[in-house]
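Welcome! Here is a short briefing to help you find your way around a structure you have not met before. Please have a look at it first.

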Amino acid sequence: MTTQDEAPTPFEECRIVRAHGELDAQTVAPLVRALAEARADRPGRLLLIVDLSEVTFTDCGILTPLCEAWSDCRARGGWMRIVYDNHTTDLAFRHTGLLDRFPAYASAQDAWEGRTAGTGAPEAPGRHS
């Protein structure tokens, strides 16, 4: 199941999309819809956090919609960051060479602040954004 949330107060310019459970070719449609709605919901600059922290399994079926959303955010002067800690999600990004584009963030707050998981420091301006 995937949901789109209006961002809480500290994330006023941001939209958050959350997914739960397994994401594969059979179950990725709600994520695709939520990403499209988040992008259509806000004209102009878009800051998007995709929270996959409650995803238990994923395959490469998530890559196309995530790459499309990432490109759209960048073209609009914004960024997209992904919250995850699942090994299969990491493998999907690592195996396809997208780990630099989609580094892990431990929480939505860390994603908002640009602090990738394991580093404890914000990322360099313009990097991964």
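The points below go from the whole chain to its interior. Keep in mind that this is a predicted model. The protein chain has four helices and five strands, and 45% of its 129 residues count as buried.

**The chain as a whole**

- If you read along the sequence, helices and strands follow the pattern β-β-α-β-α-β-α-β-α.
- Among contacts in the protein chain with a separation of 6 or more, 65% are between residues 24 or more positions apart.
- About 6,300 Å² of the protein chain is exposed, and carbon and sulfur atoms supply 53% of that area.

**The largest nonpolar core**

- This core has 27 residues, and the members touching the most others are Leu 48 and Met 80.
- At least two core residues come from each of these elements: strands E2 (14–23), E3 (47–58) and E4 (79–83), and helices H1 (29–41) and H2 (63–75).
- The biggest giver is H2, which contributes six residues to this core.

**A closer look at Leu 48**

- Which residues does Leu 48 touch, not counting those up to four places away in sequence?
- Leu 48 touches Cys 14, Arg 15, Val 17, Leu 35 and Ala 38, and also Ala 69, Cys 73, Trp 79, Met 80 and Arg 81.

**A second core**

- Separate from the largest core, there is another one of nine residues.
- Cys 14, Leu 47, Ile 49 and Ala 108 are among the residues of this second core.
- Cys 14 is also one of the residues that Leu 48 touches.

Methods
Residues are numbered from 1 along each chain as its sequence is written. This is a predicted model: local features need pLDDT of at least 70, side-chain atom pairs count only at pLDDT 80 or more; totals for chains, interfaces and linings use all residues. Side-chain values use heavy atoms; hydrogens and water are left out. A nonpolar core is a set of buried Ala, Val, Leu, Ile, Met, Phe, Trp, Tyr and Cys residues joined through side-chain atoms within 4.5 Å. Buried means under 20% relative accessible area, exposed over 50%, partly exposed in between (1.4 Å probe, protein chains only). Contact means heavy atoms within 4.5 Å. Accessible areas come from the Shrake-Rupley method with a 1.4 Å probe; for residues, only the protein chains shown count as cover.
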